[in-house]
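Hi,

Here is the structure I promised to send over. Have a look at it first, and my notes follow below.

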Amino acid sequence: MAAAAADKSTKERLLSTLDDLEVLSRELIEMLALSRSQKLPPPGEDTLILELLIQRDKEFQELMQTALEQGRVHQEMQSLEKEVEKRDSDIQQLQKQLKEAEHILATAVYQAKEKLKSIDKARKGSISSKEIIKYAHRISASNAVCAPLNWVPGDPRRPYPTDLEMRSGMLGNMSNMSTNGVNGHLPGDALAAGRLPDVLTPQYPWQSTDVSMGILPPHHGNDFGLEPPGHNKENEDDVEAMSTDSSSSSSDSD
Amino acid sequence: MAAAVPVVEEAEDYSFLPIIHDVIKCMDKDSPDVHQELNKLKTKIQEAREQISSMPGIDMSPAVQESKLQTLREQVQTKNQLLQKYKSLCMFDIPKPS
């Protein structure tokens, strides 16, 4: 019984005690009223009811004090709950910040790893500076990337194959053969022989120097043929030697 | 912090015996105020009911409430410790631009 009472909430116990008080007080008053109207001495039952009434009243007062105490505890609990909520929000905010930091760090680490991979790859496939210089000499010696030093406007030499040069090459011959030797400009036997008329024959810089000089405009024969200081036959030979060296070394390295 | 709030109700007397005594006294004297005193008793009982219904924190027994309070205190302590742990984590010293 006591255990059951302890399990019940204070509210239930208070209401139950209050109901008992109401019933007992009503019974006592009715009993007294009845005994007065009948002019009879009150029986011993009223004493029992009175004792019960006093007991219940005492219980009620104690329960009310308990209820007030519980009210105070409830206030403390509410403040603690608010504190818990605040701490929860603080923790969530911190966790969010840590997640963001983790994401940033993970990205940075990934990028750093990629960088290290590329560095490692570059180290593995590294080429010596000598090789690069040799290759540069080899390219520049053939005037494939820039005009010769004595080049002037009107000079037909180009760092790329001209239309005529392309036609006179193997590719040109192959395309002519595919069209059964029919060409609007040249006779078939000339094409078959793989040669061009003298008028259309291109002048290459390595064929003859006097021809290239003849192409220059009049009165400007040697005006544009200026050579930089230090540029002489020996230097040219050096360049040629370097280019041949580089070609041999590059082919060896392959 | 919550205990600092003064509670006025504590000064009140929640006993019904004085009113019951007044009713019985009126009955003994055959006073016409009996009905008035009976109404007072009824009113006081009704007011007590309303007060009980509006009282906070009495929806559970004191034992259950105490255990809940203890749990909350532990929660607050745990969360405070966790926050301290988070705050005392190894932080990176970001060099300030000179």
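A caution to start with: this is a predicted model, and residues 240-254 of chain A have pLDDT under 50 throughout, with 11 contacts beyond four places in sequence in the model. Chain A as a whole averages a pLDDT of 71, and 61% of its residues score at least 70. Helix α8 of chain A (residues 209-215) is where confidence in that chain is lowest, with a mean of 48, while α3(A) has the highest, at 86. Another stretch below 50 is residues 210-216 of chain A, which has 8 contacts in the model beyond near neighbours in sequence. Where pLDDT is low, the predicted coordinates should not be read in detail.

Now for the packing. The largest nonpolar core has 29 residues, and the members touching the most others are L14(A), L18(A), F60(A), M64(A), F16(B), L41(B) and I52(B). At least two residues of this core come from each of α2 (10-37) and α3 (45-124) in chain A, and from each of α1 (17-29) and α2 (34-54) in chain B. α2(A) gives the largest share, 8 residues. There is also a second, separate core of 7 residues, with L80(A), V84(A), L69(B) and L72(B) among them.

If you want one residue to click on, try L18(A). Leaving aside neighbours within four places in sequence, L18(A) contacts F60(A) plus a set from chain B: F16(B), I45(B), A48(B), R49(B) and I52(B).

Two of those contacts also turn up in the aromatic count, which comes to 1 pair over all chains. The pair is F60(A) with F16(B), tilted, at 5.4 Å centre to centre and 55° between the planes. The pair crosses between chains: F60(A) is in helix α3 of chain A, and F16(B) is in the segment before α1 of chain B. Are these two rings buried or exposed? F60(A) counts as buried because its relative accessibility is 1%, and F16(B) counts as buried because its value is 3%. F16(B) has another partner too: the charged end of K44(B) sits over the ring, 5.5 Å from its centre.

Lastly, chain B in brief. Chain B has 3 helices and 0 strands, in the pattern α-α-α along the sequence. Of its 98 residues, 29% are buried. The exposed area of chain B is about 7,100 Å², with carbon and sulfur atoms supplying 57% of it.

Cheers

Definitions and conventions. Residues are numbered from 1 along each chain as its sequence is written. Chains are lettered from A and ligands numbered from 1 in the order in which they are written. This is a predicted model: local features need pLDDT of at least 70, side-chain atom pairs count only at pLDDT 80 or more; totals for chains, interfaces and linings use all residues. Side-chain values use heavy atoms; hydrogens and water are left out. A nonpolar core is a set of buried Ala, Val, Leu, Ile, Met, Phe, Trp, Tyr and Cys residues joined through side-chain atoms within 4.5 Å. Buried means under 20% relative accessible area, exposed over 50%, partly exposed in between (1.4 Å probe, protein chains only). Helices (H or I, at least four residues) and strands (E, at least two) are DSSP runs, numbered from the N terminus. Contact means heavy atoms within 4.5 Å. Rings of Phe, Tyr and Trp (its six-membered ring) pair if their centres lie within 6.5 Å; planes under 30 degrees apart count as stacked, over 60 as edge-to-face and the rest as tilted. A charge sits over a ring if NZ of Lys or CZ of Arg is within 6 Å of the ring centre and within 35 degrees of the ring normal. Accessible areas come from the Shrake-Rupley method with a 1.4 Å probe; for residues, only the protein chains shown count as cover. pLDDT is the predictor's confidence in each residue, from 0 to 100.
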